[in-house]
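Welcome, and please open your viewer. We will go from the whole chain to a few chosen spots.

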Amino acid sequence: QVRLVESGGGLVQAGGSLRLSCAASGRTFSIYRMGWFRQAPEKEREFVADITWSGGRTRYADFVKGRFTISGDSAKNTVYLQMNSLKPEDSAVYYCAADTSPYGLGTYDYWGQGTQVTASS
């Protein structure tokens with residue numbers, strides 16, 4: 001089992017910044033990659049960014065490239081999402097997720113409880 005706890009959400013004016021954190025505990029040695037997803041009201045959950053735990057390879061959704069940065073601290077079992085130049089359309093509940101499938105060939109199987117991010121216009 002892997003437990004994920006997010007923090008760092010909040011209310012910010014458009015153009016501002018927030019940094020989300022996600023601390024993993026439990027069987028963290030089994031984590032292949034960690035990612036961030038978001039879900040706005042009445043919309044489906046969408047991928048934001050992820051990072052492999054070994055090697056630190058990153059991927060981003062097109063709508064956050066150049067504005068968001070994902071990073072990880074393996075010693076602290078924590079992944080971060082630095083969000084700059086926030087737009088009102090970035091407002092959503094942001095979820096941290098962990099993929100423990102061998103070589104990352106599966107899907108995300110552990111999820112945090114989510115943290116609300118609101119960028120006001």
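Here is a tour in a few stops, each with something to select.

**Before you start.** You are looking at a predicted model, in which local features need pLDDT of at least 70 and side-chain atom pairs count only at pLDDT 80 or more, while totals for chains, interfaces and linings use all residues. Residues are numbered from 1 along each chain as its sequence is written, and side-chain values use heavy atoms, with hydrogens and water left out.

**Stop 1: the whole chain.** Select everything and show it as a cartoon. You will find 11 strands and zero helices; helices (H or I, at least four residues) and strands (E, at least two) are DSSP runs, numbered from the N terminus. Now turn the C-alpha trace: along its principal axes, the trace spans about 40 × 25 × 25 Å. For 121 residues, a compact globule would have a radius of gyration near 14 Å, and the chain agrees with its 14 Å. That radius is taken over C-alpha atoms, and the globule rule is 2.2 Å times the number of residues to the power 0.38.

**Stop 2: the surface.** Switch on a surface view. The accessible surface is about 6500 Å², with 48% of it belonging to carbon and sulfur atoms; such areas come from the Shrake-Rupley method with a 1.4 Å probe, and for residues only the protein chains shown count as cover. Of the 121 residues, 45% count as buried, meaning under 20% relative accessible area (1.4 Å probe, protein chains only).

**Stop 3: the disulfide.** Select C22 and C96 and show them as sticks. Their sulfur atoms are 2.0 Å apart and form a disulfide, the term for a pair of cysteine sulfur atoms within 2.5 Å. C22 sits in strand β3 (residues 18-26) and C96 in strand β9 (residues 92-99), so the pair ties together parts that are 74 residues apart in sequence. The link of C22 and C96 is left-handed, with -80 degrees about the S-S bond. Are these two cysteines buried or exposed? Both C22 and C96 are buried.

**Stop 4: A92.** Stay in strand β9 and pick A92, which lies there. A92 is buried, with a relative accessible area of 3%. What does A92 touch, leaving out residues up to four places away in sequence? Select R38, Q39, A40, T115, Q116 and V117: A92 touches these, where contact means heavy atoms within 4.5 Å. Finally, add T118: its C-alpha atom and that of A92 are separated by 6.6 Å, though the two residues are 26 residues apart along the chain.

Technical notes:
Buried means under 20% relative accessible area, exposed over 50%, partly exposed in between (1.4 Å probe, protein chains only).
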